[in-house]
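Okay everyone, let's have a look at this one together. I'll start with a pair of helices, then move on to a sheet and the core.

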Amino acid sequence: MEQHGYITFHKGWKDAKGFKPGRASLVLPTDKLVALYDEVMEAGFEVVLTEHAERELVILKDRSGSREDYIDTPETNLNRERLQRMNAVNLSHCWRGTHRTHGCVPVHPSSLVLERQFNDRSLKVYGRLHCAAQAMPAVQRWTLTIDAEETTELDYRCMHIALAYAEVALWDSEGASARLVWPTDAYHVEGFIQATAKAAMMRLLNASSRDNAVLATMKLPSVSVHADAVRLLSRLEEKHAKIKEHFYGGGWKTLSLWEANIMCSILDRCIELGVPLLPIHDGVVCRKSDREAVLNAMEQAVFREYQVMPVIAEVTSATGAKVNVSTTNRSLGIRMGSIN
């Protein structure tokens, strides 16, 4: 194909351990191949990606990351069918992005194939949606087009913390869910910048112990001493005391599962509508023409489960600036504000 001008090949470099990060070989289509592809697609030719037909989409791993066998259940069958249908929607469209040195290039179909991964030998742990395209650098992701149409990126604000509060509200016999508002100030801690507080909160949720969280927090750029790390974590513990059961015990695994279940609900709606969608953990990339439909699907997926409306942000430019765009909250008259 290179000889006939359909591709260019850029050889990477590797050592004894394999290809170096960022230095793997790269094969890129030329304009000649892109033109041929467009000609074939306009002719109505159906591309059948047989290499994905038998690919397992529901993955179970042990704690070391190795794959485990499992016995199918109605739930795993539903997950597999959902992913097959969403993959079929995505692969029926032409996805392209701007490479930093090679300009506009198609996204390889295999990079768009979604899998659902579970950890710790349990189909109730983690469960996030994965595909290779998620590893695309953000600045490149913001250049994605679908069928030559510009895309937009939408994501939930403070997703893990919000879901933790929503679950607590569901357990509250006094009906706290009716009074719950989606947290927008979850990372506000006086004396610390928000990015630092957010990173510390993730360590609070991810670390296996408080000591480990303190050590990890000390590595943050603006937290250099033990006392500052302890002070920041203490303030976060106090601020979010209602969800303390998720601290220092791998709570992120459960929170990720709840998040993934919400994302699966969004997939179901997009499958119904035939809307192509790239999920990225607690966010999505979609065509701008599908923005309102996807935004509505994101809001309703949370509301059906927790009876609270989420706050959703949109990337507004190639700089990554985000602005809250949820509209249903205002139309329903639901108060937005603090978790306190």
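Quick bit of vocabulary before we start: when I say two residues meet, or are in contact, I mean they have heavy atoms within 4.5 Å. And keep in mind that this is a predicted model.

So, the helix pair. In general, you describe two packed helices by the angle between their axes and the distance between the axes. Here we've got H7, residues 210-217, and H8, residues 226-239; their axes come within 9 Å and cross at roughly 120°. That makes H7 oblique to H8, and the crossing is right-handed. Who's touching whom? On the H7 side it's Arg210, Ala213, Val214 and Thr217, and they meet a set of H8 residues including His226, Ala229, Leu233 and Glu237.

Next, the sheet. It's an open one with three strands, in the order E5-E8-E9, and the pairing is mixed. E5 (58-60) and E9 (126-130) stand at the edges with a single partner strand each, so each has one side left without a neighbour in the sheet. On average, neighbouring strands are turned by 25° against each other, ignoring direction. Helix H9, residues 251-273, packs on this sheet, touching E8 and E9, and its direction makes about 45° with that of E9. E8 (residues 115-118) and E9 run antiparallel, joined by four bridges; Arg116, for one, has Leu129 in E9 as its bridge partner.

Last stop, the core. The largest nonpolar core has 81 residues, and among those touching the most other members are Tyr156, Trp182 and Ile266. H9 gives the largest share, ten residues. Setting aside neighbours within four places in sequence, Ile266 is in contact with Tyr156, Leu277, Ala297, Met298 and Ala301.

Conventions. Residues are numbered from 1 along each chain as its sequence is written. This is a predicted model: local features need pLDDT of at least 70, side-chain atom pairs count only at pLDDT 80 or more; totals for chains, interfaces and linings use all residues. Side-chain values use heavy atoms; hydrogens and water are left out. Two strands pair if DSSP finds at least two bridges between them. Helices (H or I, at least four residues) and strands (E, at least two) are DSSP runs, numbered from the N terminus. Axes are lines fitted to C-alpha atoms, for helices over the stretch in contact, and angles run from 0 to 180 degrees between N-to-C directions. A nonpolar core is a set of buried Ala, Val, Leu, Ile, Met, Phe, Trp, Tyr and Cys residues joined through side-chain atoms within 4.5 Å. Buried means under 20% relative accessible area, exposed over 50%, partly exposed in between (1.4 Å probe, protein chains only). Angles under 35 degrees count as roughly parallel, over 145 as roughly antiparallel, 65 to 115 as roughly perpendicular and the rest as oblique. A crossing is left-handed if the near helix is turned anticlockwise from the far one by less than a right angle, and right-handed if clockwise.
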